[in-house]
Amino acid sequence: METTQVALETAVAISLDAVANMDGAALSAPAPADVDAVTAENKSTPQAVPAPAAVSFSSITTSDTVSDEVLNRNATSLADSINEQLTTWAGVINGVVADGGSDAAAQVTEFNNKIELLRSAVNAAMNDIRTANVSQNSDISTAVNARLSTVAGNLTSLQTAIESVDGKIVALDSVYGTDADIAGKVATINAQLETMNASDLDIAGLLGNTTVELDSLIRIQKQEVTVSAGTGVFDFNFDAQGIGAFDTVADYTVAMEIIGNAQVGGYITNKSAAGFQIILRSQGVHFVPQPHDGATTPVTVAVTVAHAPRAASQVSV
């Protein structure tokens, strides 16, 4: 039979690219301009009411002839003068009031204009933020995609290396798995056993006794599992954990230890030949222990399974 030669001494080199860290400073951040100060102008003009003009009256002289007109002249002229000044003063006051109303309307218009200016400035700033957010999201997706591309390249390199190693293993089987080679090795081993049998020491017997002693030892297998269910329950399946199912539930014993969380306790239930359940409860937290929420706080549990030696068919590969 023709044998394929494989250069097993040649190591499979794997070169992985480092995934660069994302730099937040490289991402564009929203930076809208500050809204300028808005100042409302005073549109009111101070109004002043002038003092009324002096009131006058017509005097009576000693040379005037006594009559009703003469006797009433002072009072009549004084009344006319007072009425004239009051009429003038009332007109001035009405003008001041009218100007005040006009100033108030102008001031309201000024306030409304400034509020509208401020609203427009705020809307423009918000629009700047929206535009910058779009740009920032684009920068983030570009940075993430660049790193995913590096990760994908590394996975391809690993796949290539694994396929190369797998090819060497297959080739190794073809080199050392031939009937002639196996027969030669078996003959060599048999010759060595014959030599030992012919010696003074019962080496074969010693090896047999050692094998029996080793087979009688209890096997201990340890696993660490993470309980992340909201109910605090974990189904420990022997096949899924690579231990292999037992014939009966009496074929093994199991113990567990909570790692790193003193406020959680647990126990084992529903034992079967295929596995068991781990149930976690609060410890020292509630008056009555409650189911632990593993979805919020996952808990690591160290599991120890002890059993007698089993046949090879019982062990999962």
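Why does F246 count as buried? I will come to that in a moment, after saying that what you see above is a predicted model, and that I will talk about its nonpolar core and then its aromatic rings.

To take the question up directly, F246 has a relative accessibility of 6%, and because buried means under 20% relative accessible area, F246 falls in that class. Y252, with a relative accessible area of 2%, is buried as well. These two residues form an aromatic pair that is stacked, with 4.9 Å from centre to centre and 25° between the planes. Over the ring of Y252 sits the charged end of K271, 4.7 Å from the ring centre.

Let me turn to the core. The largest nonpolar core has 18 residues, and within it V301 and V303 touch the most other members. Two or more residues each are given to this core by β1 (219-227), β2 (233-237), β3 (252-259), β5 (275-282) and β6 (299-307), and the largest share, 4 residues, comes from β6. If we leave aside residues up to four places away in sequence, V303 touches Q221, K222, Q223, V225, F236, V254, A255, F276 and I278.

Two of those contacts of V303, F236 and F276, bring me back to the rings. The count of aromatic pairs comes to 6, and among them F236 and F276 are stacked, at 4.8 Å centre to centre with 5° between the planes. This pair links distant parts of the chain, since F236 lies in strand β2 and F276 in strand β5, 40 residues apart. Both F236 and F276 are buried. Finally, ring pairs link F236, F238, F246, Y252 and F276 into a cluster.

How values were computed: Residues are numbered from 1 along each chain as its sequence is written. This is a predicted model: local features need pLDDT of at least 70, side-chain atom pairs count only at pLDDT 80 or more; totals for chains, interfaces and linings use all residues. Side-chain values use heavy atoms; hydrogens and water are left out. A nonpolar core is a set of buried Ala, Val, Leu, Ile, Met, Phe, Trp, Tyr and Cys residues joined through side-chain atoms within 4.5 Å. Buried means under 20% relative accessible area, exposed over 50%, partly exposed in between (1.4 Å probe, protein chains only). Contact means heavy atoms within 4.5 Å. Rings of Phe, Tyr and Trp (its six-membered ring) pair if their centres lie within 6.5 Å; planes under 30 degrees apart count as stacked, over 60 as edge-to-face and the rest as tilted. A charge sits over a ring if NZ of Lys or CZ of Arg is within 6 Å of the ring centre and within 35 degrees of the ring normal.
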